[in-house]
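Biologist: Please take a close look at the hollows of this model. I would also like to hear about the surface that goes with them. Keep it simple, as I am new to this.

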Amino acid sequence: MQPAKANNLWLPALMLVPALLLSVWPMGNFANYRPEWVLLLSAYWVLALPQRIGLGVLCCVGLLQDVIEGSLLGHHALPLVLIGYICLLSYQRLRNYAAWQQAGWLFVLVGVQQVIGNWVNSLSGHEYSGFGFLWPALTSALVWPLVLRSQQVLRRRFKIT
């Protein structure tokens, strides 16, 4: 028996381009509230295609985000791989949750990502900036239903398998 042929896997890669651009888009005073677009899209595609989007892909995406944002190598890659691993372990359960329940789960995952990113920053000598670094967890959870629905529509329209 042959494995199912991959269709339109270029679209998840293409969708990362706007997410990466949004991660560096200047937002002025609202930059601290920026949702973690790359993590949200990565989480969606890991949940939707766990057999196609693995930890190696997430590591490459995280390193690309590190280069684009000019941050330490591993600042985004390490948490993205860890969160991808958690999503791979629990994707069968998470798929059955309602969007608001998944948003709660992503609130925790983005919070973990922010804590790890803050830890990596502190290892490089940056000062601790209080708990304000957790705002993206809240905004990411709030936009998750929109990301989920838009990616589902794209996935069905382009028959991504």
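Modeller: Here is a walk from the inside to the outside. First, some ground rules. This is a predicted model, so local features need pLDDT of at least 70 and side-chain atom pairs count only at pLDDT 80 or more, while totals for chains, interfaces and linings use all residues. Residues are numbered from 1 along each chain as its sequence is written, and side-chain values use heavy atoms, with hydrogens and water left out.

Start with closed space. A cavity is a set of points, on a 1 Å grid over the protein atoms alone, where a 1.4 Å probe fits but cannot get out. Lining residues have an atom within 4 Å of a point. Grid points are joined across faces, edges and corners, and a volume is the space filled by probe spheres set on the points. The structure has one cavity of 30 Å³ or more. The largest cavity holds about 30 Å³.

What lines the largest cavity? The residues are Ala43, Leu47, Cys87, Leu94, Gln102, Trp105, Leu106 and Leu109. Three helices, α2 (37-48), α4 (77-94) and α5 (99-123), each give at least two residues to this lining. Helices here are DSSP runs (H or I, at least four residues), numbered from the N terminus. The largest share comes from α5, with four residues. Seven of the lining residues are nonpolar, one is polar and none is charged. For these classes, Ala, Val, Leu, Ile, Met, Phe, Trp, Tyr, Cys and Pro count as nonpolar, Asp, Glu, Lys and Arg as charged, and the others, Gly among them, as polar.

Now open space. A pocket is an open set of such points, with protein on both sides within 12 Å along at least five of seven lines. The largest pocket has a volume of about 680 Å³. Its lining has 25 residues, and those closest to its centre are Glu36, His75, Gln114, Asn121 and Phe133. Two or more lining residues come from each of α3 (55-69) and α5. Again α5 gives the largest share, here six residues. The class mix of this lining is six nonpolar, 15 polar and four charged residues.

The second largest pocket contains about 220 Å³ of space. Tyr44, Leu47, Ala48, Leu94, Arg95, Tyr97, Gln102, Leu148, Gln152, Arg155 and Arg156 line this pocket. Look back at the cavity: Leu47, Leu94 and Gln102 are in both linings. Both α2 and α6 (135-157) supply at least two residues of the pocket lining. With four residues, α6 has the largest share. By class, this lining has six nonpolar, two polar and three charged residues.

Next, the surface. A nonpolar patch of about 1000 Å² is formed by Leu22, Trp25, Met27, Phe30, Tyr33, Phe107, Val108, Trp135, Leu138 and Leu142. Patches use residues with over 30% relative accessible area and no salt bridge; nonpolar side chains (Val, Leu, Ile, Met, Phe, Trp, Tyr) are joined within 5 Å, and like charges within 9 Å. Accessible areas come from the Shrake-Rupley method with a 1.4 Å probe, and for residues only the protein chains shown count as cover. A salt bridge is a side-chain nitrogen of Lys or Arg within 4 Å of a carboxyl oxygen of Asp or Glu.

Both α5 and α6 supply at least two residues of the patch. The largest share, three residues, belongs to α6. Leu138 sits in helix α6. Leu138 is partly exposed, at 35% relative accessibility. Its C-alpha is 8.2 Å from that of Tyr33, although 105 residues separate the two in sequence. Met27, also in the patch, lies in the loop between α1 (10-24) and α2. Met27 is partly exposed too, because its relative accessibility is 33%. The cut-offs are simple: buried means under 20% relative accessible area, exposed over 50%, and partly exposed in between (1.4 Å probe, protein chains only).

For contrast, take Ala19 in helix α1. Ala19 is buried, because its relative accessible area is 3%. The C-alpha atoms of Ala19 and Gln65 are 9.6 Å apart, with their positions 46 residues apart along the chain. Gly70 lies in the loop between α3 and α4. At 63% relative accessibility, Gly70 is exposed.

Last comes Lys159, in the segment after α6. Lys159 is exposed at 62%. Most residues other than glycine have a negative phi. Lys159 has a positive phi of about 50°.
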